[in-house]
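Let's walk through this fold together, starting with its strands and ending with the empty space inside and around it.

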Amino acid sequence: MHIRHQIKEKAMYYYDYRYDYSIANLVPDYILETIFSYLSISDLRNCSLVCKNWFRILNDENHEVWRYHCYKRLAEEVMKSDLLTSVKTYKSKLRAFFHAWNPRDCSRNIHIKPNGFTLHRNPVAQSTDACRAKVGFYRGRHAWEVIWEGPLGTVAVVGISTRDAPLQCQGYVGLLGSDEQSWGWNLVDNHLLHNGQTQGHYPLPNNCPKYQVGERIRVILDCETRTLSFERSYEFLGVAFRGLPNRKLYPTISAVYGNTEVSMVYLGPPVDG
C-alpha cells in the first residue's frame, strides 16, 4: 500500500507539471505504464491531458495499461465468454463495465451476478421487477445491447426510464412503460409501452419475427433528436419513441419470469450506416 501511494504521488508530481512538456516527455514509456497501472480511471483521464506523449499512450484503447485495468476489475469468466464480443478493445470493455446494471438501483427481487453485466430475477410470484443501469444520459448519442438469456415469460420489456420510474409492482404487467417516466418495447407481444398505454405495434411490419432468447437487441438513444430506436441482428427497426424529455434517461428492463437473466453491454456512440 505504501509503494502504491508513492507511485501515485509521483504521477501527480508529473501531472502538476502538465504545462512543462519538457519534464513530462522525459518520462520513459515503461515507467509511465507502471505509474498508470496504479492510478484510478479518473486520474488516467486527467493524465491524458498532460502532453501528447501521455495522450498517445492512453489513447491506445488496447494498450497494456487498459489491459491491466480491465483484468483487474472484470471477472475472468466475462473476459473468456462471448458476452463482450461487441466491444473489441480493453478500454471499451472497461467502459461497458462502468455502465452496466446498478445493484443499488433495482427491485429487491433482482440481484446482479458476480460478472457485473448480468441481472438475475429471483422466482417471486405475482411480481414485476425492473433494473436500471449505473449511468444515465441527457446529451449525446448512445447505444447498448440487451441479451435476454432466460425465458421471457408473459411480459419482457426493454427500454429506458428516469430515476422516478418504479422498479417493482404487484402482478405480471409491463412495468417499464407503465407511467410517464418510462418507455419500453415488450418483446413478447411487440408492443410499445408508455404512460400506461400501448403506443402501437413495433417493429412496424406485422410479419416481423418475434424475439428469440439469446438474440442481441441494440438500443439507440439519441438525446439530440430525443428519440429511442432499436436494432436486431444489425437490422434497424425504426424509431420507436419521439419527443423524449430533456432529462437523464437510464437503460432499463422489466421482467416477470423467475430465474430469468438479462445482460447489458454499453457500446458507446452508435455507428451509422
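What follows goes from the overall make-up to one sheet, one enclosed strand, and then the cavities and pockets.

A word on ground rules: this is a predicted model, where local features need pLDDT of at least 70 and side-chain atom pairs count only at pLDDT 80 or more, while totals for chains, interfaces and linings use all residues. Residues are numbered from 1 along each chain as its sequence is written, and side-chain values use heavy atoms, with hydrogens and water left out.

The protein has eight helices and 15 strands; helices (H or I, at least four residues) and strands (E, at least two) are DSSP runs, numbered from the N terminus. Of its 273 residues, 52% are buried, meaning under 20% relative accessible area with a 1.4 Å probe and protein chains only. Take the contacts (heavy atoms within 4.5 Å) between residues at least 6 apart in sequence: 65% of them join residues at least 24 apart.

Now to the sheet. Seven strands form an open sheet in the order S2-S3-S15-S5-S11-S12-S13, with antiparallel pairing; two strands pair if DSSP finds at least two bridges between them. At the edges sit S2 (110–112) and S13 (235–241), each pairing on one side only. Neighbouring strands here are turned by 25° against each other on average, direction ignored, with axes taken as lines fitted to C-alpha atoms and angles running from 0 to 180 degrees between N-to-C directions. Within the sheet, S5 (residues 141–148) and S11 (residues 216–222) run antiparallel and are joined by seven bridges. Ala-143 stands opposite Ile-220 in S11.

Next, have a look at strand S8 (residues 182–186). Five of its five residues are buried, so S8 is largely enclosed by the rest of the structure. Its two faces are both covered, with Ser-182, Gly-184 and Asn-186 buried on one side and Trp-183 and Trp-185 on the other. S8 is joined to S6 (residues 156–161) by five antiparallel bridges, and Val-158 has Trp-185 as its bridge partner. S8 also pairs with S9 (residues 191–194) in the antiparallel sense over four bridges, where Trp-183 stands opposite His-194. The S8 and S9 hairpin has four residues between the strands, and Asn-190 takes a positive phi near 60°.

So much for the strands; what about the gaps? On a 1 Å grid over the protein atoms alone, a cavity is a set of points where a 1.4 Å probe fits but cannot get out, a pocket is an open set with protein on both sides within 12 Å along at least five of seven lines, and lining residues have an atom within 4 Å of a point. Grid points are joined across faces, edges and corners, and a volume is the space filled by probe spheres set on the points.

There are two cavities of 30 Å³ or more. The largest holds about 50 Å³, and its lining includes Phe-137, Asp-222 and Arg-247. The second largest has about 40 Å³, with Ser-182 and Thr-252 among its lining residues.

Among the pockets, the largest has about 280 Å³ of space. It is lined by 13 residues, and Ile-41, Arg-45, Trp-66, Lys-91 and Arg-95 lie nearest its centre. H8 gives the largest share of that lining, four residues. The second largest pocket has about 200 Å³; of its 14 lining residues, Ser-86, Arg-218, Leu-267, Pro-269 and Val-271 are the closest to its centre.

Terms used:
Buried means under 20% relative accessible area, exposed over 50%, partly exposed in between (1.4 Å probe, protein chains only).
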